[in-house]
Amino acid sequence: MKTPGEELAFRLAKVRRAMEEAGVEALVTGSSAQYDHRGMLRYLTDYYISVFEEFLVIHTDGPVVFFAHDASGVSYMEELGAVDEVRPIPGEEYTVRPGKCVAEYLKERRISHVGLAGLSGLSAAFYRSFTEAAEGLLQRDMTRELWQIRMRKSPYEMALSREAIRLNEEVFRYYLTQVAAGKTEYEAIQRAAAYGWEAGCEDQYWLADTGKGTLCRPLPLVREKGRIWQVGDMHGVVMEHSAAGGHYSELSRHLSIGREAPAFTAAYEALAQAQEEAFAVMRPGNTVGQVAEAVETSLRKTVFGARYAKRAAPLSMGHGQGLDVWEYPRIIRGDETLLASGMRLNLHPSVELPDGTSVSFCDLYGITEKSAEKLSSLEDRVYRV
């Protein structure tokens, strides 16, 4: 699914305004294969990266130049037509000095002030080689500015988010039909994943487990465990799937196989009340920290409150999401980021049962012009199958 040219132009214009305000002549950013840092290039160029590290230079008043890992990357970007120039990174430099050619290009263009953004998604080899070759260039970290821009989704992006949420919930509802005593956990996930691909998932990420400590196992460990469900099992699943266009959704729920689960039900009721109280303060002008504080205040009043006693290091309640599975803001007490229309929040606080099992579910919200909207449609309950 190709992003419309006017949407890419809209994003680029916002970035260039931020560059002008920061007094930089060119901005360097990029993406690597890290699962939660692949969205920067896609946001700016529609380039979907899955393996390689590649880079982008945006001039405040000049071309947008892409540095591809090899000839196939050059060809892919040229087909997209979203930049003005594509350059291959010299083969002998890619693995050890990938930033060298980017810095040399900036010097050729007589750039003196350069911004860097998204360095947490780039390699140490890039930063080291770029810094060495960029000696004499004044550098400014613009990561915060780029994240501030990406936090506020356009109407086009919000439409993609809604579709991802709808699709993720559709896959979950199908998954419910595959969970039963006598069935194998991994095989049920395989069938649901195949259903997701057929339904239009662009990418899929699963975590699952059965028993104490649910929700934490990646698929290779689920397969290795080879669990065959039995009556009385408690099963947890996390699904973070993207739909066409690349925006992700997050979903997590617990499933009770053939029995009542009063301890989990009590935990869900406490978490649902905390979600409601957090939703009440989700409006422009309030802060992300206030959302987290509302959750903590609610949960401190319950039998699970000990975990939320005031502490120097507060617990994270969730995060943003979009073209990356994890985006800013981080929903944590003390964060002074102002809520603004277009922001997406994934809220998933947790409580702990007496046996040490962590219980959590995730609901998704969008900030509107005056308030907020709950985007998730699933019921906040333990699903008995």
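**Exercise 1. A β-α-β unit**

Task: Determine which elements make a right-handed β-α-β unit, and describe how the strands of this region pair.

Solution. Strand 5, helix 6 (residues 124-133) and strand 6 together form a right-handed β-α-β unit in this predicted model.

Step 1. Consider the two strands of the unit. Strand 5 pairs with strand 6 (residues 138-141) in the parallel sense, over 4 bridges. One residue pair illustrates this: Gly 115 has Arg 140 in strand 6 as its bridge partner.

Step 2. Look for a further partner of strand 5. Strand 1 (residues 26-31) pairs with strand 5 (residues 113-116), also in the parallel sense, over 3 bridges. Here Ala 26 stands opposite Val 114 of strand 5.

Step 3. Combine the steps. Strand 5 pairs in the parallel sense with strand 1 and with strand 6.

**Exercise 2. The faces of helix 3**

Task: Find which residues of helix 3 are buried, and explain why they line one face of the helix.

Solution.

Step 1. List the buried residues. In helix 3 (residues 71-80), they include Gly 73, Val 74, Met 77 and Leu 80.

Step 2. View the helix down its axis. The buried residues of helix 3 fall within an arc of 125°, and therefore they line one face.

Step 3. Recall the general rule. An α-helix has 3.6 residues a turn, so residues three or four places apart point the same way.

Step 4. Examine the face turned away from the buried side. There helix 3 carries the exposed residues Ala 71, Glu 78 and Glu 79.

**Exercise 3. Two pockets**

Task: State the volumes of the largest pocket and the second largest pocket, and describe what lines each of them.

Solution.

Step 1. Begin with the largest pocket, whose volume is about 450 Å³. It is lined by 23 residues, and those closest to its centre are Leu 207, Val 238, Glu 250, His 348 and Ser 360.

Step 2. Assign the lining to elements. Strand 9 (234-242), strand 10 (248-256), strand 11 (316-320) and strand 15 (358-360) each give two or more residues to the lining of the largest pocket. The largest share, 3 residues, comes from strand 15.

Step 3. Sort the lining by class. For the largest pocket there are 11 nonpolar, 8 polar and 4 charged residues.

Step 4. Turn to the second largest pocket, with a volume of about 160 Å³. Its lining includes Gly 5, Leu 8, Val 64 and Asp 84. Helix 1 (5-22) and strand 2 (54-59) are the elements that give two or more residues to this lining. Helix 1 gives the most, with 4 residues. By class, the lining of the second largest pocket has 9 nonpolar, 2 polar and 1 charged.

**Exercise 4. Backbone exceptions**

Task: Locate Asp 46, Arg 110 and Pro 329, and describe the backbone at each place.

Solution.

Step 1. Recall what is usual. Most residues other than glycine have a negative phi, and most peptide bonds are trans.

Step 2. Consider Asp 46, which has a positive phi, near 75°. Asp 46 is found in the loop between helix 2 (39-45) and strand 2. Its relative accessibility is 8%, and buried means under 20%, so Asp 46 counts as buried.

Step 3. Consider Arg 110, whose phi is also positive, near 60°. Arg 110 lies in the loop between helix 5 (100-108) and strand 5. Exposed means over 50%, so Arg 110, at 75% relative accessibility, counts as exposed.

Step 4. Consider the peptide bond from Tyr 328 to Pro 329, which is cis, with omega near 10°. Pro 329 belongs to strand 12 (residues 327-332).

Note on methods:
Residues are numbered from 1 along each chain as its sequence is written. This is a predicted model: local features need pLDDT of at least 70, side-chain atom pairs count only at pLDDT 80 or more; totals for chains, interfaces and linings use all residues. Side-chain values use heavy atoms; hydrogens and water are left out. Two strands pair if DSSP finds at least two bridges between them. A crossover is right-handed if, with the strands pointing away from the viewer, the path from the first strand over the helix to the second runs clockwise. On a 1 Å grid over the protein atoms alone, a cavity is a set of points where a 1.4 Å probe fits but cannot get out, and a pocket is an open set with protein on both sides within 12 Å along at least five of seven lines; lining residues have an atom within 4 Å of a point. Grid points are joined across faces, edges and corners, and a volume is the space filled by probe spheres set on the points. Ala, Val, Leu, Ile, Met, Phe, Trp, Tyr, Cys and Pro count as nonpolar, Asp, Glu, Lys and Arg as charged, and the others, Gly among them, as polar. Buried means under 20% relative accessible area, exposed over 50%, partly exposed in between (1.4 Å probe, protein chains only). The arc is that of the directions from the helix axis to the C-beta atoms.
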